Amino acid sequence: MDGKNQTTNQQGEVVRLLTVIETYTLLRISKWKLYDLMRKKLIESVNIGKRRFIPLDAYASYVERLRQRETFA
């Protein structure tokens, strides 16, 4: 793995899934806006048991689409 779409937590472990809280905090949006984006399939999420996570590459892809949209606007 090239490490491009990886981050580490405070213990130095590689993190590939972001929690809902981590994601909406990084995007600086509300929790409800993030759930709306997931419902509209604008950002991918996965369930593990009853918990929902956003893959780090899905987060990066969403941000890149926003950047491209701004570039061409």
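## A walk through a predicted model

The side chains of R39 and D36 meet in a salt bridge, with N and O 2.4 Å apart. Start there, and keep in mind that this model is predicted. Both residues sit in helix α2. They are 3 residues apart, about one turn of the helix.

How exposed or buried are the two partners? R39 counts as exposed, because its relative accessibility is 58% and the cut-off for exposed is over 50%. D36 counts as buried, because its relative accessibility is 18% and the cut-off for buried is under 20%. This bridge therefore joins an exposed residue, R39, to a buried one, D36.

D36 has another partner. It also forms a salt bridge with K40, where the closest N and O atoms are 3.3 Å apart. K40 counts as partly exposed, at 46% relative accessibility. Put these pieces together, and D36, R39 and K40 are linked in a network of salt bridges.

How many salt bridges does the whole structure hold? A search finds 3. One of them lies in helix α3, where E64 pairs with R67. Their closest N and O atoms are 3.8 Å apart. E64 and R67 are 3 residues apart, again about one turn of the helix. E64 counts as partly exposed, at 35% relative accessibility. R67 is exposed, with a relative accessible area of 54%.

Go back to helix α2 for a pair of rings. The structure holds 1 aromatic pair. The rings of W32 and Y35 have their centres 6.0 Å apart. Their planes meet at 40°, so the pair is tilted. W32 and Y35 are 3 residues apart in helix α2, which means that about one helical turn separates them. W32 counts as exposed, at 61% relative accessibility. Y35 counts as partly exposed, at 33%.

Now turn to the nonpolar residues. In soluble globular proteins, nonpolar side chains tend to be buried together. Which residues make up the largest nonpolar core here? There are 12 in all: L18, V20, L27, L34, L37, M38, I43, I54, L56, A58, Y59 and Y62. Three elements give two or more residues each to this core: α1 (20-27), α2 (31-39) and α3 (56-72). The largest share, 4 residues, comes from α3.

Pick out I54 from that core. What does I54 touch, once residues up to four places away in sequence are left out? Its contacts include L18, V20, L34, M38, I43 and Y59, and those six are core members too. I54 also touches R16, L17, T19, T23, E44 and S45.

How far can you trust the picture? The protein averages a pLDDT of 87, and 79% of the residues score at least 70. Confidence is highest in α2, at a mean of 98. That helix holds the bridge between R39 and D36, and also the rings of W32 and Y35. Confidence is lowest in strand β1 (residues 7-8), at a mean of 66. Where pLDDT is low, the predicted coordinates should not be read in detail.

Methods. Residues are numbered from 1 along each chain as its sequence is written. This is a predicted model: local features need pLDDT of at least 70, side-chain atom pairs count only at pLDDT 80 or more; totals for chains, interfaces and linings use all residues. Side-chain values use heavy atoms; hydrogens and water are left out. A nonpolar core is a set of buried Ala, Val, Leu, Ile, Met, Phe, Trp, Tyr and Cys residues joined through side-chain atoms within 4.5 Å. Buried means under 20% relative accessible area, exposed over 50%, partly exposed in between (1.4 Å probe, protein chains only). Contact means heavy atoms within 4.5 Å. A salt bridge is a side-chain nitrogen of Lys or Arg within 4 Å of a carboxyl oxygen of Asp or Glu. pLDDT is the predictor's confidence in each residue, from 0 to 100. Rings of Phe, Tyr and Trp (its six-membered ring) pair if their centres lie within 6.5 Å; planes under 30 degrees apart count as stacked, over 60 as edge-to-face and the rest as tilted.
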